[in-house]
Amino acid sequence: MNEPTPPSTPPSLPGPLPAPASPALPDIRDQDRAALATAFAAWNEPSYRLDQLLRWLHFQRAGSWDEMKNLPKALRERLATAYSLGSLSLARVQGSGDSTRKFLWRLADGAFVESVLIPANPALYGERADRHTLCISTQVGCAYGCRFCASGLDGWKRNLLPWEIAGQVLAVERWHAARPKSSAPPASDGTGDDDDRLVNNIVVMGMGEPLANYKNLIAALRTLNAPWGGGIGARKITVSTSGVVPGIRQFADEPEQFRLAISLHGATDAVRAQIMPINRKYPLEQLAAACEHYVGRKGKMITLEYILIAGVNDDASQTVPLASLARRLHAKVNLIPYNKVDGLPWERPSDNRCEAFAAALESLECTATLRLEKGHDIDAACGQLRLKTERELSG
Ligand code: SAH
Ligand code: SF4
């Protein structure tokens, strides 16, 4: 994710590892309603018990079976023998007040992933100010090796399970519910009511390439979207891809109206291939055709994300092909000045240069937005906090 982060609060040192879930048991949050209904029917449990369980899992964000007080003990014990109940453990949080916050989660196997919570900007999105976007990760590391990105610097470690992807929302809301509130007494146990639901928009722009973890991604998005789960509208969920063409086509054919963003970052094959190795496998024409398929199936506008990197992709050679691709796809362009990554040589262009690039696109009748944020720090882009923490722990 490319959101700048404000000055960070001192990080809390990563605590002890959470107890590893039994590897033999599937996580209960990876069961959809239909699967659990089958189990409950086999156990002769009434369906209202299933509703109570789903509420504990996806609404009250239960971290243990014992919390599920209104379920009979025998049922809880039965569930515990059939399923594990995992949760993400908070290792670090950066940011303060109403600003962007970055969370580093430690998984049961000791791996780290990040999520970024971004308060709604009413002026920008026309949203209520109390609503938030959460940027979530889908893999530990990334195999795609885009030259400018921290997430791929140490390669790919593993795919996240569906519950680990969707669970980032639960974990952030649990953190939110447990915080002291100015106008109301603090929630004592982190379980909550409607007021504690703060995420209403999801962007899958964290660590990893979502379409390279396709099955788990879709399962997670369905949980987040389901009325018995996260209850977040499909139109409020955007998946960003570096351009995995077969995945884009498959995604277009899903029944839900999930949104799509493409990490373009170069409007000619020569420039794009230089910074994104995936362009050698799926060059721009193939990518454009897959995007057309998506737009044709969904009737939804896509976003082309374009990081501006000084001296690489920020000159006039890119504006004409970029505008023409955007017009062809009826896409809007989101210009993002590069966030510097420690150890990488790339720089963000000056504000003037970014503005000139945006103005050139507008003059070519291409809809482009540019946000020039101040105060970005070196951990801003997703992947950097995890990388830094892993290096600290191993060094
Ligand atoms: N793998 C997916 C989603 C994760 S990356 C993808 O590539 O789309 C999410 C976005 O953050 C991408 O557009 C990516 O190019 C961008 N990004 C990565 N590193 C960045 C940096 N240092 N500054 C700004 N944006 C960055
Ligand atoms: Fe992976 Fe996306 Fe980063 Fe490329 S930009 S390395 S695909 S996370």
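## Polar contacts and the predicted model

A polar contact is taken here as a pair of N or O atoms within 3.5 Å. The structure described is a predicted model.

By that criterion, glycine 208 meets ligand 1 through its backbone, one of its polar atoms there lying 2.9 Å from a nitrogen atom of the ligand. An oxygen atom of ligand 1 is found 3.5 Å from a backbone N or O atom of threonine 241. The side chain of glutamate 305 also takes part, with an N or O atom 3.2 Å from an oxygen atom of ligand 1.

## The surroundings of ligand 1

On its own, ligand 1 has 530 Å² of accessible area, and the protein covers 96% of this. Its shell holds 20 residues, of which Gly208, Ser240, Ser263, His265 and Asn339 come nearest. By character, the shell comprises nine nonpolar, nine polar and two charged residues.

Two strands each supply at least two residues of this shell, namely β8 (237-241) and β10 (303-308).

## The surroundings of ligand 2

Ligand 2 is enclosed by a shell that contains the cysteines Cys142, Cys146 and Cys149, the aromatic residues Tyr144 and Phe148, and also Gly145, Ser151, Gly208, Glu209 and Ser242. Five residues of the shell are nonpolar, four are polar and one is charged.

Gly208 thus belongs to the surroundings of ligand 2 and is also among the residues that come nearest to ligand 1.

## Nonpolar cores

In soluble globular proteins, nonpolar side chains tend to be buried together. In this model, the largest nonpolar core has 83 residues, and the members touching the most others are Ile302, Leu304 and Val333.

With residues up to four places away in sequence left out, valine 333 touches Leu304, Tyr306, Leu322, Ala326 and Leu361, together with Cys366, Thr367, Ala368 and Thr369. A separate core of 18 residues lies apart from the largest one and includes Phe40, Leu53, Leu71 and Leu85.

## Overall architecture

The protein has 395 residues, and 55% of them are buried. Its secondary structure consists of 13 helices and 12 strands. Among contacts with a sequence separation of 6 or more, 68% join residues 24 or more positions apart.

The exposed area of the protein is about 16,800 Å², and carbon and sulfur atoms contribute 54% of that area.

Conventions
Residues numbered from 1 in each chain as written. Chains lettered and ligands numbered in written order. Predicted model: local features only at pLDDT ≥ 70, side-chain atom pairs only at ≥ 80, totals over all residues. Heavy atoms only, no water. Core = buried A, V, L, I, M, F, W, Y, C linked by side-chain atoms within 4.5 Å. Buried < 20%, exposed > 50% of the residue type's maximum accessible area, 1.4 Å probe, protein only. Contact = heavy atoms within 4.5 Å. Near = heavy atom within 4 Å. Nonpolar A, V, L, I, M, F, W, Y, C, P; charged D, E, K, R; others polar. Polar contact = N/O pair within 3.5 Å; in protein donor to acceptor, adjacent residues only side chain to side chain. Areas by Shrake-Rupley, 256 points an atom, 1.4 Å probe, with all protein chains shown as cover. Helix = DSSP H or I, 4+ residues; strand = E, 2+ residues; numbered from the N terminus.
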